[in-house]
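Subject: Structure handover

Hi,

Here is the structure I promised to pass on to you. Have a look at it first, and then read on for what turned up.

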Amino acid sequence: MEEALDIEASIRGSKVFLQGEERSVNKAEKFIKELYSINSNGYVISPEDIRYVLKAVDDTSPDSSSSKNETIRKDSPGSLKEYFLSNIPVSSKKKFIVPRSETQKRYIEAIKTYDMVIGIGPAGTGKTYLAMAMAINALLKKQVSRIILARPAVEAGERLGFLPGDISEKVNPYLRPLYDALFDMMEAEKAYRLIDRGIIEIAPLAFMRGRTLNDSFIILDEAQNTTSEQMKMYLTRLGFNSKTVITGDITQIDLPAGRVSGLIETEKILKGIKGLCFVYFSEKDVVRHKLVQEIVKAYEKFEKSRNNNA
């Protein structure tokens with residue numbers, strides 16, 4: 001908080017003393033009171049949560065992370081409490097999951113509101129992680145009867161055919177990031193039990209063909225690596241009482257040269273259709289190591305310069 005608000009804080013007994021510009025001190029006092037109120041409600045708040053949420057609340061500059069098809073409320077919440085009240089309860093090692101940027105907060109609101117949400121942005125912005133949290137929350141509330149997690153079987157820099165083992169052994173390492181997100185929110189034993197019962201299914205996108213997915217929360221991850229045909233196939237799988245979240249990073253496409261990304265094409269085709277929502281993330285929303293944010297920013301600058309010179 002000292003770093004984010006440019007103040008100095010010290011504790012003497014049960015009192016907190018703040019030094020700095022009046023505006024910053026007033027803001028810090030407000031945040032400390034809110035943190036006390038939040039903590040009194042039983043929420044365990046990590047230093048990382050505070051750092052990201054403080055940045056998000058204080059960031060009033062406009063960005064491109066808005067909805068093109070439907071308008072999600074864009075006003076800044078102006079308080080920590082509103083962020084922590086936007087938490088997603090999960091059966092978890094963590095008590096709840098909190099949005100760490102204003103775009104993440106809008107993303108959660110969009111998933112609650114729409115049956116189809118498409119999140120586009122760089123790696124590390126929480127697109128898949130938050131979608132997973134919302135899926136688990138929906139399952140716990142019995143809003144859906146199963147969760148389906150899918151990825152297109154396109155690999156970055158290697159061919160599955162050259163990997164040892166049967167099809168399951170070949171694709172499981174590629175699906176590992178989905179397992180990692182799941183196990184971060186749910187005890188492994190419980191997760192495996194739900195997988196064994198078919199309540200949670202993690203599979204390559206090709207396994208979706210010919211199915212109608214009713215009463216399900218479906219997540220398509222790495223959608224930038226779908227072909228046009230695969231994306232159309234996936235979009236038409238949605239059944240009754242189902243919700244889908246599609247995530248992807250259009251700067252990291254691993255398709256063979258000359259193939260059009262289904263995600264990029266979907267942006268153009270579905271623009272203007274009511275009932276679905278696009279949410280756009282930027283490097284401001286990266287919630288991994290600080291260096292990741294700087295790396296993403298550097299690559300975006302490089303690619304923009306290269307495109308301008310092309």
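Two strands count as paired if DSSP finds at least two bridges between them. This is a predicted model, so please read everything below in that light.

With that definition in hand, start at strand 5 (residues 116-120) and strand 9 (residues 243-248): the two run parallel and are joined by five bridges. Across this pairing, Ile120 sits opposite Gly248 of strand 9.

Both strands belong to an open sheet of six, with parallel pairing and the order 7-6-8-9-5-10. Strand 7 (200-204) and strand 10 (276-280) are the edges, each with pairing on one side only. On average, neighbouring strands in this sheet are turned by 15° against each other, direction ignored.

Next, helix 9 (residues 228-235). Which of its residues are buried? They are Met231, Met233, Tyr234 and Leu235. Their cover includes strand 5, strand 8 (216-220), strand 9 and helix 10 (262-270).

Finally, the cavities. Searching the whole structure gives two of 30 Å³ or more, and the largest holds about 50 Å³ of space. Tyr234 and Leu235, buried in helix 9, are also part of the lining of this largest cavity, together with Met116, Leu213, Ile218, Arg237, Leu238 and Thr244. By type, the lining has six nonpolar residues, one polar and one charged.

Happy to go through any of this with you.

Best wishes

Key:
Residues numbered from 1 in each chain as written. Predicted model: local features only at pLDDT ≥ 70, side-chain atom pairs only at ≥ 80, totals over all residues. Heavy atoms only, no water. Helix = DSSP H or I, 4+ residues; strand = E, 2+ residues; numbered from the N terminus. Axes fitted to C-alpha atoms, helices over the stretch in contact; angles between N-to-C directions. Buried < 20%, exposed > 50% of the residue type's maximum accessible area, 1.4 Å probe, protein only. Contact = heavy atoms within 4.5 Å. 1 Å grid on protein atoms, 1.4 Å probe; cavity = no way out; pocket = protein on both sides within 12 Å on 5 of 7 lines; lining within 4 Å. Points joined across faces, edges and corners; volume = space filled by probe spheres on them. Nonpolar A, V, L, I, M, F, W, Y, C, P; charged D, E, K, R; others polar.
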